[in-house]
Amino acid sequence: MGSPICDLVLLSWNHLEETQPCLESLFQTTDVPSRLFIVDNGSEPPVRDFLGSVRPHGAIQDVVLLQNETNEGFPRGMNRGLRASSAP
């Protein structure tokens, strides 16, 4: 598979019951070489630990975890992920 042509940004704040299925779906359905940026918006330690354990799978070739110490809100959290992106 070639270099990532798409960057995906997933914002997380606690709620593993929603985040885990979302990640599973991304790994199962993404079919172009991609990099996944997970922006953690100040989640509790167990959630942060889980997010730190997420590894690339399938077409998602790289997983980058960006952790905020506090909940920065949706716009700032997403913008952090978008600023990290370099895919065309």
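**Exercise 1. The two faces of strand β2**

Sort the residues of β2 by the way they point, and find out whether they are buried or exposed.

*Solution.* Step 1: Ser 34, Leu 36, Ile 38 and Asp 40 point one way from β2. Arg 35, Phe 37, Val 39 and Asn 41 point the other way. In a regular strand, side chains alternate between the two faces of the sheet.

Step 2: Residues on both sides of β2 are all buried. Buried means under 20% relative accessible area, exposed means over 50%, and partly exposed lies in between, using a 1.4 Å probe and protein chains only. By that rule β2 is mostly covered, with eight of its eight residues buried.

Before going on, please note that this is a predicted model, where local features need pLDDT of at least 70, side-chain atom pairs count only at pLDDT 80 or more, and totals for chains, interfaces and linings use all residues. Residues are numbered from 1 along each chain as its sequence is written, and side-chain values use heavy atoms, leaving out hydrogens and water.

**Exercise 2. The neighbours of β2**

Work out which strands β2 pairs with, and how the chain travels between them.

*Solution.* Step 1: Strands and helices here are DSSP runs numbered from the N terminus (strands: E, at least two residues; helices: H or I, at least four). Two strands pair if DSSP finds at least two bridges between them.

Step 2: β1 (residues 6-12) and β2 (residues 34-41) run parallel and are joined by seven bridges. The chain gets from β1 to β2 through helix α1 (residues 16-29), in a right-handed β-α-β crossover. Right-handed means that, with the strands pointing away from the viewer, the path from the first strand over the helix to the second runs clockwise. Along this pair, Leu 10 stands opposite Ile 38, and Ser 12 stands opposite Asp 40.

Step 3: β2 and β3 also run parallel, with eight bridges between them. Phe 37, for instance, has Val 64 in β3 as its bridge partner. Here the chain crosses through α2, and this β-α-β crossover is right-handed.

**Exercise 3. The nonpolar core**

Find the residues that make up the largest nonpolar core, and the elements that supply them.

*Solution.* Step 1: A nonpolar core is a set of buried Ala, Val, Leu, Ile, Met, Phe, Trp, Tyr and Cys residues joined through side-chain atoms within 4.5 Å.

Step 2: The largest one has 11 residues: Leu 8, Leu 10, Leu 23, Phe 27, Leu 36, Ile 38, Val 47, Leu 51, Val 54, Ile 60 and Val 63. Two or more of them come from each of β1, α1, β2, α2 (45-53) and β3 (60-68).

Step 3: Take Val 63 as a sample. Leaving aside neighbours within four places in sequence, Val 63 is in contact (heavy atoms within 4.5 Å) with Phe 27, Leu 36, Ile 38, Val 54, Arg 55 and Pro 56.

**Exercise 4. Charged pairs**

How many salt bridges does a search of the whole structure find, and which residues form a network?

*Solution.* Step 1: Side chains of opposite charge can pair when their charged atoms come close. The rule used here asks for a side-chain nitrogen of Lys or Arg within 4 Å of a carboxyl oxygen of Asp or Glu. The search finds three such bridges.

Step 2: Arg 35 and Asp 7 meet at 2.8 Å, N to O. Arg 35 lies in β2 and Asp 7 in β1, so this pair ties together parts 28 residues apart in sequence. Both residues are buried.

Step 3: Asp 40 and Arg 48 meet at 3.2 Å, N to O. Arg 48 also bridges to Glu 69, with the closest N and O atoms 3.4 Å apart. That pair joins helix α2 to the loop between β3 and α3 (74-84), 21 residues apart. Arg 48 counts as buried because its relative accessibility is 16%, whereas Glu 69 counts as exposed at 65%.

Step 4: Put together, Asp 40, Arg 48 and Glu 69 are linked in a network of salt bridges.

**Exercise 5. Two cysteines**

Explain why Cys 6 is too far from the closest cysteine sulfur for a bond.

*Solution.* Step 1: A disulfide is a pair of cysteine sulfur atoms within 2.5 Å.

Step 2: The closest cysteine sulfur to that of Cys 6 belongs to Cys 22 and is 14 Å away, too far for a bond. The count of disulfides comes to zero.

Step 3: Cys 6 is partly exposed, at 26% relative accessible area, and Cys 22 is partly exposed, at 32%.
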